[in-house]
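Biologist: I would like to go through the labels on this model one by one. Show me the value behind each.

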Amino acid sequence: MMSDERHNTGRGRGLFMLTEERHAAILRLLETKKAVTVVELTHLLDTSESTIRRDLVSLDRIGKLNKVHGGATAIADSYGAEEAEVELKYTLNMEEKRKIASRAAQLVSKNDFVYFDAGTTTEMVADYLSNHNAVYVTNGIVLARKLAKAGFQVYILPGKVKARTEAVIGAEAMEGLKKYHFTIGFFGTNGVSLKEGYSTPDIEEAMVKREALSRCRRGYILTDPTKVGKVSSVSFGKLSDASIITTCLSDKQFKSHTNVVEVEG
């Protein structure tokens, strides 16, 4: 039976697609890309945003994907070896990222020596910073520019640029970190696991994260709940090596840990 949505989309190819056909197309795309946006699906399937959002809600309810703000991510299993493009990351879970970033910014005190890992959530912290007496170091190209334009004192690590995440990595970045002793640091992650700790897909990026985290008196992992319970290719720290700032968690095993801070509202 044809979905009644075909009568109200008012669009081309999507006008004649069964709901089941759209669902199958969405899941096939997720198998390849691991994450998609509502806008992207709207164009690819030539249908309305409201229809796509209903599709994502339906697929999320039956456990076929993870619905997130602005799109969806794949649920192949708890392991992830691929890194999403940074442009896509900017569109997903934005509400959660803003809450996390706002709380993180409040932790920066006068005269702190701060490390910022590259990433969309860590980058967002800059929007909420007000402490111009602190000194900031980062391996994030976009974040360095953002902090500099806002009038903060910022240094960027030397090294090789990873295009997919716009992070500075490699041997030079590792060497550059060795002279620093940070009072506080903020890090992104692709996975948070009770057993495997914090992990990310890229070996060189993991090495930079590990070195920087080891040089922070206080380290904070900034992550939305979709990363919790996931494991990526390379671990860069144990769960106890940092505190976690996230939004509401459903996993009771993580909620019981004293180093987990859940941000509300």
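Modeller: What follows sets labels for helices and strands against their cut-offs, in a predicted model.

Biologist: Why are H1 and H2 called oblique to each other?

Modeller: Helix H1 (19–33) and helix H2 (residues 38–45) pack at an angle of about 125°, their axes 11 Å apart. Roughly perpendicular covers 65 to 115 degrees, and roughly antiparallel begins over 145. The angle of about 125° fits neither range, so H1 and H2 are oblique. Their crossing is right-handed.

Biologist: Which residues of H1 and H2 meet?

Modeller: From H1, Arg22, Ala25, Ile26, Leu29 and Lys33. From H2, Glu40, Leu41, Leu44 and Leu45. By class, this contact has six nonpolar residues, no polar ones and three charged.

Biologist: What makes H1 roughly perpendicular to H3?

Modeller: H1 and H3 pack at an angle of about 75°, with axes 10 Å apart. The range for roughly perpendicular is 65 to 115 degrees. The angle falls inside, so the label holds. On the H1 side, the contact uses Thr19, Arg22, His23, Ile26 and Leu27. On the H3 side are Thr51, Asp55, Leu56, Ser58 and Leu59. Here the split is four nonpolar, four polar and two charged.

Biologist: Which residues of H2 are called buried?

Modeller: Val38, Glu40, Leu41, Thr42 and Leu45. Buried means under 20% relative accessible area, and these residues of H2 carry that label. They pack against H1, strand S1 (35–37), helix H3 (49–61) and strand S3 (71–74). After H2 comes Asp46, with a positive phi near 55°.

Biologist: Now the sheet. What makes S7 and S17 edge strands?

Modeller: The open sheet has seven strands in the order S7-S6-S5-S10-S13-S16-S17, paired in parallel. Strand S7 (153–156) and strand S17 (260–262) each pair on one side only. The twist averages 20° from one strand to the next.

Biologist: How do you know that S6 and S7 pair?

Modeller: Pairing needs at least two bridges. Strand S6 (residues 135–138) and S7 have four, in the parallel sense. Thr138, for one, has Ile156 in S7 as its bridge partner.

Biologist: Which helices meet these strands?

Modeller: Helix H5 (residues 94–105) packs on the sheet. H5 touches strand S10 (182–187), strand S13 (216–222), strand S16 (243–246) and S17, and its direction makes about 135° with that of S16. Helix H7 (residues 141–149) lies across strand S5 (113–116), S6 and S7. H7 runs at about 160° to S7.

Key:
Residues numbered from 1 in each chain as written. Predicted model: local features only at pLDDT ≥ 70, side-chain atom pairs only at ≥ 80, totals over all residues. Heavy atoms only, no water. Helix = DSSP H or I, 4+ residues; strand = E, 2+ residues; numbered from the N terminus. Axes fitted to C-alpha atoms, helices over the stretch in contact; angles between N-to-C directions. Contact = heavy atoms within 4.5 Å. Buried < 20%, exposed > 50% of the residue type's maximum accessible area, 1.4 Å probe, protein only. Parallel < 35°, antiparallel > 145°, perpendicular 65-115°, else oblique. Left-handed = near helix turned anticlockwise from the far one by under 90°. Nonpolar A, V, L, I, M, F, W, Y, C, P; charged D, E, K, R; others polar.
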